[in-house]
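Thank you all for coming. Please have a look at the sequence and the structure on the screen, and then I will take you through them step by step.

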Amino acid sequence: MTVAVRYFSKSGNTEKLAKAIATEAGVHAENVSVPLAVKTDVLFLGSALYAGGVDKAVKKFLIENKDNIGTVYNFSTSASPSSTYKAVKKIADKNGITVSDVAFDCRGKFLFMHKGHPDEGDVAAAVEFAKKVLYALGEESVAE
């Protein structure tokens, strides 16, 4: 089984979680500008909400890599209580990509809101999310 971590992050919030998830999975976190080189069974995909949606780079990544994506496990940071799950799922559904309902979301610092987030607790929770996914799939960690 192959595992990959891709993310889009303007402020570094989502990147911080991506790196922690990737370490747990035994892979490297890569920006969504890096395509999937092989068919990937498990894709941890991280992004944030920008004006109520995901950045066009995330949309482009999903569309251009749809043939190499097994199941997406979404994670996100946001200044609002909302998640990127619905936006990612909408794009994925249009392109025949499966998105698990197991997802992770936490607050991210934006301007003066949620200073210090994602914090150590958020990062630990993201790692637990990755462990839960990998354990459920019977995988300890398998690189792309």
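**A walk through the model**

Let me begin with one residue, S78, which is found in strand β4, where helices (H or I, at least four residues) and strands (E, at least two) are DSSP runs, numbered from the N terminus. S78 counts as buried at 6% relative accessibility, and here buried means under 20% relative accessible area, exposed over 50%, and partly exposed in between, with a 1.4 Å probe and protein chains only. Along the chain S78 and T14 are 64 residues apart, and their C-alpha atoms are separated by 8.9 Å.

Before going further, I should say that this is a predicted model, in which local features need pLDDT of at least 70 and side-chain atom pairs count only at pLDDT 80 or more, while totals for chains, interfaces and linings use all residues. Residues are numbered from 1 along each chain as its sequence is written, and side-chain values use heavy atoms, with hydrogens and water left out.

Now the overall picture. The protein chain has four helices and six strands, and from the N terminus on these elements follow the order β-α-β-β-α-β-α-β-β-α. Of its 144 residues, 46% count as buried. If we take contacts, meaning heavy atoms within 4.5 Å, between residues at least 6 apart in sequence, then 77% of them join residues at least 24 apart.

Next, helix α2. Which residues of helix α2, residues 56-65, are buried? They are V58, F61, L62 and N65, and they lie on the same side of α2 because they cover an arc of only 95° around the axis, the arc being that of the directions from the helix axis to the C-beta atoms. The face turned away from that buried side carries the exposed residues K56, K60 and E64. Among the elements that cover the buried residues of α2 are β1 (3-7), β3 (40-48), β4 (69-78) and α3 (85-94). At the start of α2, a side-chain oxygen of D55 comes to within 2.9 Å of the backbone nitrogen of A57.

Let us turn to two other helices, α1 (residues 13-25) and α4 (residues 120-136), whose axes come within 9 Å and cross at roughly 40°; axes are lines fitted to C-alpha atoms, for helices over the stretch in contact, and angles run from 0 to 180 degrees between N-to-C directions. That crossing makes α1 oblique to α4, since angles under 35 degrees count as roughly parallel, over 145 as roughly antiparallel, 65 to 115 as roughly perpendicular and the rest as oblique. On the α1 side the contact is made by K16, L17, A20, I21, E24 and A25, and on the α4 side the residues include V123, A126, V127 and A130.

I will finish with two loop residues. I97 sits in the loop between α3 and β5 and counts as buried at 3% relative accessibility. Not counting residues up to four places away in sequence, I97 touches L62, K66, I69, V72 and A92. S100 has its place in the loop between β5 (98-99) and β6 (104-107), and S100 too is buried, with a relative accessible area of 11%. The side chain of S100 reaches the backbone nitrogen of V102 at 2.9 Å, and, leaving aside neighbours within four places in sequence, S100 is in contact with T71, V72, Y73 and Y85.

Technical notes: A polar contact is a pair of N or O atoms within 3.5 Å; within protein, one must be able to donate a hydrogen and the other to accept it, and residues adjacent in sequence count only if both atoms are side-chain atoms.
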